[in-house]
Amino acid sequence: ARTLVATARADRRTFLIILLMLQEGLRRIEVSRLDVADIDFAERSMTLRGKGGQGGYTDALPITEETWRALTAYLAEEGHTTGPLIRNRVRKHGRTAPATVSELVRVAMVDAGVKRPGDGLRTPHSCRHTAAHDILSRTENVRAVQQAMRHRSVRSTEVYLRGHTAELRGIMEGRSYRT
């Protein structure tokens, strides 16, 4: 994640997209649907139109400090105050498609050396998995991860929680089979 973030800094748009996915755990469609009007500058939060809402508002989410700095720098550079947050580079006022969001992150992953061409294991959605895993590592609270990832069911959250060794250590220690 650090290598990816460091590599992506060269392009403010890709950098912001990666931070939105890695820090806030956004899905590519949520990144694509964000408008400048969805950003609450006083509260440093955003309102999301997510997967489950068929385009309607579904959740509010705080914006981390690192992402906030990237977002304000991006807006200052781009100069837009309305419309889509992540603009289409061809149609200047258009929205960037979810597939384009994925492609920008995929290219950044290859450039950073964290993904090889044809590697199906590391995808842009891996940023969301990393966010969930890191939140669990910090909080040790699956419900907090569920809330941050905006899952209706904790069963959906469990898919994101790969091999959390700290949690397993406490469960596995304290047993002995010596006679």
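Modeller: Start with a cut-off. Buried means under 20% relative accessible area. This is a predicted model. Buried residues make up 41% of the 179 residues in its chain.

Biologist: What does the chain expose, and how much of that do carbon and sulfur atoms supply?

Modeller: About 10500 Å² is exposed, with 50% of it from carbon and sulfur atoms.

Biologist: What pattern does the chain follow along the sequence?

Modeller: Count the elements, then read their order. There are nine helices and three strands. The order is α-α-α-β-β-β-α-α-α-α-α-α. Now look at contacts. Of those between residues at least 6 apart in sequence, 52% join residues at least 24 apart.

Biologist: Is Arg69 buried or exposed?

Modeller: Neither. Partly exposed covers the range between under 20% and over 50%. Arg69 has 48% relative accessibility, so Arg69 counts as partly exposed. Arg69 sits in helix H4, residues 65-78. Leu16 is 53 residues away in sequence, yet the two C-alpha atoms are 9.3 Å apart.

Biologist: Now the largest pocket. Which residues lie nearest its centre?

Modeller: Begin with volume, then lining. The largest pocket holds about 420 Å³ of space. Its lining has 13 residues, and Leu22, Gln23, Glu66, Asp134 and Arg138 lie nearest the centre.

Biologist: Which helices each supply at least two residues of that lining?

Modeller: H1 (2-8), H2 (12-22) and H6 (126-139) do. H6 gives the most, five residues.

Biologist: How do the lining residues divide by character?

Modeller: Sort them into classes. Six are nonpolar, three polar and four charged.

Key: Residues numbered from 1 in each chain as written. Predicted model: local features only at pLDDT ≥ 70, side-chain atom pairs only at ≥ 80, totals over all residues. Heavy atoms only, no water. 1 Å grid on protein atoms, 1.4 Å probe; cavity = no way out; pocket = protein on both sides within 12 Å on 5 of 7 lines; lining within 4 Å. Points joined across faces, edges and corners; volume = space filled by probe spheres on them. Helix = DSSP H or I, 4+ residues; strand = E, 2+ residues; numbered from the N terminus. Nonpolar A, V, L, I, M, F, W, Y, C, P; charged D, E, K, R; others polar. Buried < 20%, exposed > 50% of the residue type's maximum accessible area, 1.4 Å probe, protein only. Contact = heavy atoms within 4.5 Å. Areas by Shrake-Rupley, 256 points an atom, 1.4 Å probe, with all protein chains shown as cover.
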